[in-house]
Amino acid sequence: MIIDEARELKQCTQVASGPEGLAAIHQSGIAATLWERAPLDRFQAWIDALPPEQLPRTRIILRPEAVCNALIEVTRFYGTPECPERNMLIEDASALAAIFADVMDCNYLQLRLDVIQTNACRKFHVDAVTARLICTYRGTGTQYGLSTTGDDPATVLTVPTGSPIVLRGTRWPEDPPSGLLHRSPPIAGTGETRLLLVLDPVEDPEQERGTVYIH
């Protein structure tokens, strides 16, 4: 049974070595696309060593081309040190926003930078969106697996730190659902701090509530 589940999980997850592979989310039967990449050692050492209070966090709706300037302001607000590694973080998040907006053919995105030190979203679930991009810059990556019974997946994989994954949500038009679930890894009590980027496509920004809206 576990072998069959692992095989099905591999079949519905497209793993690519470049950003163009994320567009495979539109292929029939593909529930997730993963761009497998390794962060630069000096960037990872820098972001892992930052005090949690200096990690940027925000929740905004904006056009993809506005992400860079918005993140410059966010990092300044939180006192993220000005250095080449901070520029790498801003440039990478901006590039992922542009790539994801192109994949989803949307003019606006909801961007979240979350700093997590608890068991946030520790239950396996599917997001109430068409699709979502998640990239963990610090800490353990998102965990995912297959289950159609309501139980936790028997086979659980962890997205490598620094690797973006695009996951179909409940609003994806294809039926039946694949059964691909994901969660934030349980880290409460470990002392771990995670920093993750979350991008959602937005069709009508005026309908969103409680979120800063940037033209």
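In strand 10 (194-202), which follows strand 9 and a loop that holds Ser184, the bridge partner of Arg112 is Val198, and this pair belongs to the contact between strand 4 and strand 10, two strands that run antiparallel and are joined by nine bridges. The model described here is a predicted one. A further pair in the ladder between strand 4 and strand 10 sets Ile116 against Arg194 in strand 10.

Strand 10 also pairs with strand 5, again in the antiparallel sense, here over five bridges, and within strand 10 Leu196 is the residue that stands opposite Thr136. How much of strand 10 is buried? Eight of its nine residues are buried, so the strand is largely enclosed by the rest of the structure. Strand 4 is mostly covered as well, with eight of its nine residues buried. Besides strand 10, strand 4 has strand 3 (residues 58-62) as a partner, and five bridges join these two antiparallel strands; Ile60 stands opposite Leu111 of strand 4 in this pairing.

The following table collects strand pairs with their bridges.

| Strand pair | Sense | Bridges |
|---|---|---|
| Strand 4 and strand 10 | antiparallel | nine bridges |
| Strand 5 and strand 10 | antiparallel | five bridges |
| Strand 3 and strand 4 | antiparallel | five bridges |
| Strand 5 and strand 8 | antiparallel | four bridges |
| Strand 2 and strand 8 | antiparallel | three bridges |
| Strand 6 and strand 7 | antiparallel | two bridges |

Strand 8 (residues 165-168) directs Ile165 and Leu167 one way and Val166 and Arg168 the other way, and all of these residues are buried. Strand 8 is joined by three bridges to strand 2 (residues 32-35), with the two running antiparallel, and it pairs with strand 5 over four bridges, also in the antiparallel sense. Leu167 has a place in both pairings, since it is the bridge partner of Ala32 and also the bridge partner of Arg132.

A separate pattern is found in an open sheet of three strands, which has the order 7-6-9 with antiparallel pairing. The edge strands of this sheet are strand 7 (157-158) and strand 9 (180-183), each of which pairs on one side only. Strand 6 (residues 143-146) meets strand 7 over two bridges, and Leu157 in strand 7 is the bridge partner of Tyr144.

The loops can be read against this framework of strands. Ser184 lies in the loop between strand 9 and strand 10; with a relative accessible area of 11%, Ser184 is buried, because the cut-off for that class is under 20%. Apart from residues up to four places away in sequence, Ser184 touches Ile116, Ala120, Cys121, Arg122 and Arg194, and two of these, Ile116 and Arg194, are bridge partners of each other.

Is Lys123, in the loop between strand 4 (108-116) and strand 5 (131-138), buried or exposed? Lys123 is exposed, with a relative accessible area of 61%. Leaving aside neighbours within four places in sequence, Lys123 is nonetheless in contact with His182 and Arg183. Lys123 and His182 are 59 residues apart in sequence, whereas their C-alpha atoms are 7.9 Å apart in space.

Helix 3 (residues 67-77) and helix 4 (residues 84-104) pack with their axes 9 Å apart and at an angle of about 145 degrees, and helix 3 passes helix 4 in a right-handed crossing. From helix 3, the residues Val67, Cys68, Leu71, Ile72, Thr75 and Arg76 meet Arg86, Ile90, Ala93, Ser94 and Ala97 of helix 4. By class, the residues of this contact divide into seven nonpolar, two polar and two charged. An α-helix has 3.6 residues a turn, so residues three or four places apart point the same way.

The length of helix 4 can be checked against its number of residues: at 1.5 Å a residue its 21 residues should span 30 Å, and the end C-alpha atoms are 30 Å apart, which agrees. Just after helix 4 comes Asp105, with a positive phi of about 55 degrees, a value that Asp105 takes although it is not a glycine. Asp105 has its place in the loop between helix 4 and strand 4, and at 72% relative accessibility it counts as exposed, because the class begins over 50%.

Conventions:
Residues are numbered from 1 along each chain as its sequence is written. This is a predicted model: local features need pLDDT of at least 70, side-chain atom pairs count only at pLDDT 80 or more; totals for chains, interfaces and linings use all residues. Side-chain values use heavy atoms; hydrogens and water are left out. Axes are lines fitted to C-alpha atoms, for helices over the stretch in contact, and angles run from 0 to 180 degrees between N-to-C directions. A crossing is left-handed if the near helix is turned anticlockwise from the far one by less than a right angle, and right-handed if clockwise. Contact means heavy atoms within 4.5 Å. Ala, Val, Leu, Ile, Met, Phe, Trp, Tyr, Cys and Pro count as nonpolar, Asp, Glu, Lys and Arg as charged, and the others, Gly among them, as polar. Two strands pair if DSSP finds at least two bridges between them. The expected span of a helix is 1.5 Å times one less than its number of residues. Buried means under 20% relative accessible area, exposed over 50%, partly exposed in between (1.4 Å probe, protein chains only).
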